[in-house]
Amino acid sequence: MKAPVLPEPILPVQPKTMKDFLEDVEKAKSSGDWKTVYDFYLTTFDSFPELSAAFKKDASASFNTIEDSGINAKFVNAVYDALLNTPQDIQKTVLKGIINSLLQDWKGPRTKDDLRAYFILLQNPQFNNTSTYVIYAHLLRQTASLVEADHHFLAHWFKKLSQKRFKPLVERLLQFISLRLFPAKPEEFPPISKCSWWIPSASKVLALLNTANSLVHPPLIPYTDFYNSTLDHIDLMEEYHTWQSFGNSHRFSFCQYPFVISIAAKKIIIQRDSEQQMISIARQSLVDKVSRRQRPDMNMLFLNMKVRRTHLVSDSLDELTRKRADLKKKLKVTFVGEAGLDMGGLTKEWFLLLIRQIFHPDYGMFTYHKDSYCHWFSSFKCDNYSEFRLVGILMGLAVYNSITLDIRFPPCCYKKLLSPPIVPSDQNTPVGICSVTTDDLCQIMPELAHGLSELLSYEGNVEEDFYSTFQVFQEEFGIIKSYNLKPGGDKIPVTNQNRKEYVQLYIDFLLNKSIYKQFAAFYYGFHSVCASNALMLLRPEEVEILVCGSPELDMHALQRSTQYDGYAKTDLTIRYFWDVVLGFPLDLQKKLLHFTTGSDRVPVGGMADLNFKISKNETSTNWLPVAHTCFNQLCLPPYKSKKDLKQKLIIGISNSEGFGLE
């Protein structure tokens, strides 16, 4: 007996072209008869197969590829752009069709046509309206519950959208989450107990879009566009503790989706986590003292640093090594032989002076690259890498004690610092090693990166024209040393066939292998202070902002938060000052900030966190302004004219010494 031949499934026929549709819309607008357009929307949104067929570039092709959804994106955009301007009955018909499609009984796995339907429906602008949120939530739930392979397809299809179409998808989801958390009209939505799955489903679909965004270089939108500032107003520590206790299991926490948590909110989590660790360690010290019947000393609650200015690096290193157990306590600094309580100024001065000394070229620990305005680790071999550990501890203490450092490391450094974000328990596990590309090298040594890119694109005979081998040369203390990039590298010529491997090994040698011991010491130093699961929430760019502050300046915000001593904000000199500063180009505004605070970047909390103060300096108006960087204070003589103030201010800020720069 022959097995019966199964009939081919009947596929809907593509009803209209984009040109036909747009002509129908124009006719309807002029005549007022929308029946043809109504019928199109009714048929198209009636079911998933109809929806997929309507927008397929080729109705008979299967398009089972990750890189091509097979959807005519321009047609989808035209249909959605027109939809919001059609009569209400058409818009209601579309929503009814979507409800029927979502309620359909599913048998077996989803087809690629089903995926195309989800892809199209998620772009529907009707879901901006809160009245459609119940339908939107069910669409999100079904999309979120697709298998991983289907999510893989969707992410790759979403990355093909234009920025103009991609950004509203993200904004729509963020708004959906915000309004579910804090509804303007609570009666508009079902009770939270009945729709607890709304936010987890939306977050999962948002994660698909975040993945899509990261698959494109440059990304479609900045990573900060995924931040949901509404989350700054919820109990973040409860979210963090839920995540700590349950990880990525069935208990939802926003910490499972850290890309939606703003840097300001992440800083709060890290600070609270740090404070809890500080309190816990200080309390333990207190209990130990009492249990030994010793008299408690308030100093035991702090990390007390006593250093001599003349031996700043060695004293700091000795103190931090001796007091390793106290690193998570609040920092207090005393300069030997000097009176004065540390109310924050001495601590900041200690950081500024140490960094200026350690990063000086003569010190030899870091090389300053003029082309990229950044420092990189010196590859010189030495017996002791403890000073690199000190720099790591300094960076950790700065994050822990909310101090912004004027350090210029390339982005690659912070990527390495989170590789891995939690210190491995096995001491033999490599740390600070990450995948690196010509883009990473370009941020440090642009000329060399350009040369390697030229090698990759060279059309002639690489072996004969370049005459290179898998070997590199480095100067160390006046001696040229050679290193093989792979076993027997000095005997392996670089050819057209193996040049990609050569470039990759060369970059890996420069940014990972040649500085491994230096960076590992630096990594362990940083994590000895900042060891926290909260670091797993951070992107490398966010670690940089926590350490060095943000490069985004808002001088109007600085003006609003500035305090005055001896002046009133209405005084003529102050009015002149802000007229001049707000009119400065960005480079002079940065110089002013560097002159007064020791850094040209802004803390995570914004300009208000600087506690910037302008004090009256009762000296001759022939004098230049003076700054106390430890207190973010500018001392300004009472200049009589705007021209005089501008001239003196520019001279003062342009000739001050920079910290941590050559």
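Here is a short walk through the open and enclosed spaces of this protein. Keep in mind as you look around that the model is predicted.

Let's begin with the largest pocket, whose volume is about 990 Å³. A good way to find it is to centre your view on His217, Lys415, Arg539, Pro540 and Glu541, the residues that lie nearest its centre among the 30 that line it. From there you can trace the helices around you: H10 (198-214), H16 (411-417), H17 (438-442) and H22 (540-548) are the elements that give two or more residues to this lining. As for the chemistry of the wall, the lining of the largest pocket divides into 15 nonpolar, seven polar and eight charged residues.

Now let's turn to the enclosed spaces. The model holds four cavities of 30 Å³ or more, and the largest cavity encloses about 60 Å³. Which helices should you follow to reach it? At least two lining residues of the largest cavity come from each of H12 (263-291), H15 (386-400) and H21 (516-530). H12 is the biggest contributor, giving three residues to the lining of this cavity.

To see the walls of the largest cavity residue by residue, start with Ile270, Ser274 and Gln277, then look for Lys328, and go on to Val399 and Tyr400; these are among its lining residues. The rest of the lining is made by Val529, Cys530, Ala531, Ser532, Ala534 and Leu535. Sorted by class, the lining of the largest cavity comes to eight nonpolar, three polar and one charged residues.

Methods
Residues are numbered from 1 along each chain as its sequence is written. This is a predicted model: local features need pLDDT of at least 70, side-chain atom pairs count only at pLDDT 80 or more; totals for chains, interfaces and linings use all residues. Side-chain values use heavy atoms; hydrogens and water are left out. On a 1 Å grid over the protein atoms alone, a cavity is a set of points where a 1.4 Å probe fits but cannot get out, and a pocket is an open set with protein on both sides within 12 Å along at least five of seven lines; lining residues have an atom within 4 Å of a point. Grid points are joined across faces, edges and corners, and a volume is the space filled by probe spheres set on the points. Helices (H or I, at least four residues) and strands (E, at least two) are DSSP runs, numbered from the N terminus. Ala, Val, Leu, Ile, Met, Phe, Trp, Tyr, Cys and Pro count as nonpolar, Asp, Glu, Lys and Arg as charged, and the others, Gly among them, as polar.
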